[in-house]
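Biologist: Please take a close look at one part of this structure. I would like to hear about helix packing.

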Amino acid sequence: MAIEKKSPEAIKPHKIQVSFDDTLPKHWFGGNAFLTHLLNTFTAIFPDAERYFVRWSKKALANVTDPKIKKDIQGFIGQETMHANQHEKLWETLRAQGYDLEPVLWIVQKLGFNWVESILPDKVNYAAVAGFEHFTAMFGEMYFENPELMNTMHTEMRRLFEWHAAEEIEHKAVAFDQLQSIDDSYFLRTGVMNVAVVLLYLVAFGNTFYFMAQDGSLFNPKEWINIYEGFFGKHDFARKSFFKFIEYYKPNFHPWDNQNYHLAESTLKAYEKEAS
Ligand SMILES: [Fe+2]
Ligand SMILES: [Fe+2]
């Protein structure tokens, strides 16, 4: 299928190093416990999830013949490996702040990637990688569409999530093209997405509330007003994310139907300039 004209020319990892210490506030996202813990949950999930993407992309390299897709997969592997390593650095800081990460890590590592992954057919794993990448692309887009809100993050956390968001936009089509080149069945892609969305939302929101319970913010009315404002009020994330999500179900969907590379481009260029 024709993809070249729409995708970035080359996908390369942009190296950054983040560091955190005990000055990181517990509610580092503008004092908003829910958003802080939603992204803390992503930080708990990302390293194993991204290593899972890398495992399957390395496997796909052996079967993919299109040179452009092959090159993109190599860039994707480099980017996801770095995301996993940078997010994992935060685990110790979160533990030092008193949070228990073990249940979510157990679900993701043992249940998800030691057990379920190994019993699923290969094509289902490739479809799962493409499906999860649709969510990270949505996250990347929402990051850049809401600069005012994102600017309320602690500076170092913003650096981490901005870098991650930009690269997620840049490589958003790689896992999709990888899947299409192996099996372009609509029913495989959307059938796996039906399950992935339920699992992802259960784990993401379940663990967000678990983190909130751990620091006593779960029953704070102010936090529930924040949640309402975030999803249905001021930021309208429930409606906006639903329409981004549902795009995936269009029969001829391709991630670059949504030409949003410009959102990430200047950020990525700044990293390149820094490195040169
Ligand atoms: Fe990533
Ligand atoms: Fe990604």
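Modeller: Here is one helix pair, followed by its neighbourhood. The model is predicted, so local features need pLDDT of at least 70 and side-chain atom pairs pLDDT 80 or more, while totals for chains, interfaces and linings use all residues. Residues are numbered from 1 along each chain as written, chains are lettered from A and ligands numbered from 1 in written order, and side-chain values use heavy atoms, without hydrogens or water.

Start with helix H2 (residues 67-96) and helix H6 (residues 155-170). Helices here are DSSP runs (H or I, at least four residues), numbered from the N terminus. The axes of H2 and H6 come within 11 Å and cross at roughly 160°. H2 and H6 are therefore roughly antiparallel (over 145 degrees). H2 brings Gln79, Glu80, Met82, His83, Gln86, His87 and Leu90 to the contact (heavy atoms within 4.5 Å). H6 answers with Met157, Leu160, Phe161, Trp163, His164, Glu167, Glu168 and Glu170. The residues of this contact split into six nonpolar, five polar and four charged.

H6 has another partner in helix H11 (residues 261-275). Ala264, Thr267, Leu268 and Tyr271 of H11 are buried (under 20% relative accessible area). These buried residues pack against H6 and also helix H4 (122-145).

Next comes the loop between helix H10 (237-246) and H11, where asparagine 258 is found. Asparagine 258 has 33% relative accessibility, so it counts as partly exposed (20% to 50%). Leaving aside residues up to four places away in sequence, asparagine 258 touches Glu141 and Lys172. Its C-alpha atom is separated by 9.6 Å from that of lysine 244, 14 residues apart along the chain.

Conventions. Axes fitted to C-alpha atoms, helices over the stretch in contact; angles between N-to-C directions. Helix = DSSP H or I, 4+ residues; strand = E, 2+ residues; numbered from the N terminus. Parallel < 35°, antiparallel > 145°, perpendicular 65-115°, else oblique. Nonpolar A, V, L, I, M, F, W, Y, C, P; charged D, E, K, R; others polar. Expected span 1.5 Å × (residues − 1). Buried < 20%, exposed > 50% of the residue type's maximum accessible area, 1.4 Å probe, protein only.
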